[in-house]
Amino acid sequence: MADSADLPLSSTGADQTASASPLSSWNESWSVELKQHQQRSATFPTLQSFSAAQTETGEWILIGGRTNGLHNFTADGKANFPPSHQNERIWVYDPVRERSWSRPLAKSGLGAGHQLSLSTTNAQQFQQGDVLFRVGGYVYDQATQSFSTRNRLSAIQLDDLAAWVKRDTKRLPKHSVLSTAGEALQVNGQDTHLFAVTGGEMLEGEQKHQAQLIFGQDFSGGYTPGSNGLYTEQVRNIDIRHKPKKGKLGYKLNSVSTPVESAFHRRDLNVVNQLKRNGKGELSRHGEALGGVFYGGEGVWTVPVQIDLLTGQPSMANADDSSTFRQGINQYTAANLGLYSRRDDSQTSLIFGGISAITLDPNDQPYYVNRDNNPDLAHSYPFTSQIAAIKRNADNSWTQSLAGSFPKLANAAGEPLTYGASSVFLPLAPGQDQRVRYLTDGVVDLDRLQRRTEAGESVLVGYVVGGIESQVADNFNDLSTYGNSTYTVASGEIFKVMITPN
C-alpha cells in the first residue's frame with residue numbers, strides 16, 4: 001500500500017476531525033508478527049476488560065473483568081451486563097511451564113468490599129515492583145442489587161496472592177490486599193469521587209509513589225443504550241502512601257486538571273509511556289493518550305493528548321491545524337507495546353487490534369464506514385485485527401501505518417474472527433531473554449534488541465492476552481452490515497508478540 005493523502009472521516013462532525021492523517025507504508029528496520037500460542041494443556045480463562053500483572057518469576061495474575069463478549073444493547077441493564085459473567089476468580093498462569101491455577105474470591109477471607117473491588121471490569125491499574133495498584137472499575141453488587149463505579153484504590157501484594165491461588169498458603173496473608181476510598185469531588189458541577197473511574201488509564205508518575213489517573217468516567221446504574229456516565233475530562237494527580245507491613249494504604253491528592261470537554265471527554269483509549277531524549281541527552285518520559293471514544297457520544301477522537309507525569313497537566317495540539325497529527329486507526333483500548341530507539345530518538349507504539357474508524361478493504365485500500373447519510377450506523381466502527389503503528393519521530397512529527405495483523409483464525413463455521421479489543425499486553429519476564437529489555441513499563445529498548453539479534457531472527461518480547469473475540473460481517477457492499485458483529489465472546493487466546501530485525 002502506497003502512502004495516501006489525508007483520509008476522510010465523517011463530514012458531519014461525528015468524529016473529532018473531518019479527516020485523518022495519511023496512512024504510510026510500513027518501512028521500518030524491523031517487523032512484528034503475532035503467533036497463536038498453541039498446544040496449551042493448562043486451563044485458561046476467557047476474559048476481557050480485566051487487569052493483569054506479573055510476579056517476579058514470570059507468572060501472570062489475572063483479576064476482574066468479564067467472561068462474556070461485548071455488552072448487549074437492550075433496555076435491561078442486567079441483561080446487558082449479566083452479573084453471572086462478572087469474573088470473581090483470581091487466575092495464575094505460568095506461560096513457560098504451561099500451568100494454571102484459580103480460586104474464587106469468596107474463599108479468600110477478604111471482606112465483601114475487598115472482593116467487590118477485585119471483581120470490577122474496566123478498572124485502571126499499574127504495577128510497581130511486587131505491588132499492583134488498581135483503581136475503580138464497573139461492578140454489580142449483589143448486596144445492593146445495583147451497578148456502580150467502585151470508588152476504591154487497592155494495593156495488591158502479587159506474590160502473596162499468587163501463593164494463595166496456587167495453595168502454597170492456606171490463607172491469604174494479612175495485609176495482602178489493602179483498600180481505601182477516594183474523597184468527594186465535583187466535575188462540571190456534578191458530584192463524583194476521586195477513585196470512581198472506569199474506562200480510563202493510570203500511569204506511574206515521575207516521582208516515587210506518584211500516580212496519574214487519566215480520563216474515563218463515573219458510570220452509575222445499569223447500562224442501557226443512550227445512557228452515559230460522568231466523564232472526568234481530567235487527570236487526577238495523586239501520591240500513594242502504601243505501608244503493607246503496617247496494613248496502611250492512603251493517598252494525597254496533589255491536583256486535578258481542569259475538565260475540558262472539547263479535548264478530554266474520552267474513555268476506552270490507549271495511554272502509553274512515551275520516551276524522548278531531553279536537552280542533556282537523557283531519557284525523559286511523559287504520557288500520551290492515543291485516540292479514544294466516544295467523541296460527541298458516537299465518534300472517535302483523533303488528536304493525541306500529552307500528559308506531564310509530574311504535574312498531571314494534559315495538553316492537546318490544535319485540532320483545527322491541518323499539520324496536526326490525526327489518528328485514524330485503532331482508537332479503542334487494546335493491548336499495546338512501545339519500541340524506543342535512542343539512536344533515532346523515535347518511539348513506535350503498536351496497538352494490537354480492537355476497534356478502528358479506518359480499516360482496509362479487500363484491495364488493501366483505506367476504508368471508512370461513512371455514516372453521514374445513515375444514522376443507524378452509530379457505534380458501528382468495525383472490530384479489527386489490524387496492528388496499528390503510531391510513531392513519534394525525533395522532530396516530534398507523527399506518522400501512522402499498519403504493521404500487520406493477528407493470525408487469520410476462524411470459528412467452527414469457518415467465519416473469520418477478529419481480536420484485540422479490551423485485551424492486555426504482558427511483557428516477557430525479566431531475565432528470560434537478555435536481548436529484551438524494557439526501558440519503562442510497556443516500552444522495549446529497540447536498539448538493544450536489534451544489536452543483539454541476527455537479521456531475520458525473531459525474538460519473543462511478550463504476549464497479547466484475552467479481550468473480545470468477534471466474528472464480523474465483512475461486506476463492503478452493504479454499509480448496514482459492515483462493522484456490525486454477528487457475535488462476540490471473551491477470548492481465551494494467547495498470542496506471542498515476535499519482533500524480527502530486517
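## Working through a predicted fold

Strand β4 is joined to strand β42 (residues 494-501) by 7 bridges, and the two run antiparallel. Strands here are DSSP runs of E with at least two residues, helices are runs of H or I with at least four, and both are numbered from the N terminus. We're looking at a predicted model, where local features need pLDDT of at least 70, side-chain atom pairs count only at pLDDT 80 or more, and totals for chains, interfaces and linings use all residues. Residues are numbered from 1 along each chain as its sequence is written, and side-chain values use heavy atoms, with hydrogens and water left out.

**Exercise 1. Place β4 in its sheet, then find which strands stand at the edges.**

Step 1: Two strands pair if DSSP finds at least two bridges between them. On that basis, 4 strands make an open sheet, ordered β4-β42-β39-β36, with antiparallel pairing.

Step 2: β4 (30-36) and β36 (424-427) each have a single partner strand, so they stand at the edges with one side left without a neighbour in the sheet.

Step 3: For a specific pair, take glutamine 36, whose bridge partner in β42 is phenylalanine 495.

**Exercise 2. Work out which strand gives the most to the largest nonpolar core.**

Step 1: Get the terms straight. A nonpolar core is a set of buried Ala, Val, Leu, Ile, Met, Phe, Trp, Tyr and Cys residues joined through side-chain atoms within 4.5 Å. Buried means under 20% relative accessible area, exposed over 50%, and partly exposed in between (1.4 Å probe, protein chains only).

Step 2: The largest core has 42 residues, and Val32, Trp60, Leu350, Phe352 and Val497 have the most contacts inside it. Strand β39 (residues 459-465) gives the most, with 6 residues.

Step 3: Now zoom in on valine 32. Skipping neighbours within four places in sequence, its contacts (heavy atoms within 4.5 Å) include Leu350, Phe352 and Val497.

**Exercise 3. Decide whether asparagine 68 is buried or exposed, and list what it touches.**

Step 1: Find asparagine 68 in the loop between β6 (60-63) and α1 (77-80).

Step 2: Its relative accessibility is 14%, so asparagine 68 counts as buried.

Step 3: Not counting residues up to four places away in sequence, asparagine 68 touches Gln48, Pro82, His85, Val489 and Ala490.

Step 4: Check distance along the chain too: asparagine 68 and serine 491 are 423 residues apart in sequence, yet 8.4 Å apart in space, C-alpha to C-alpha.
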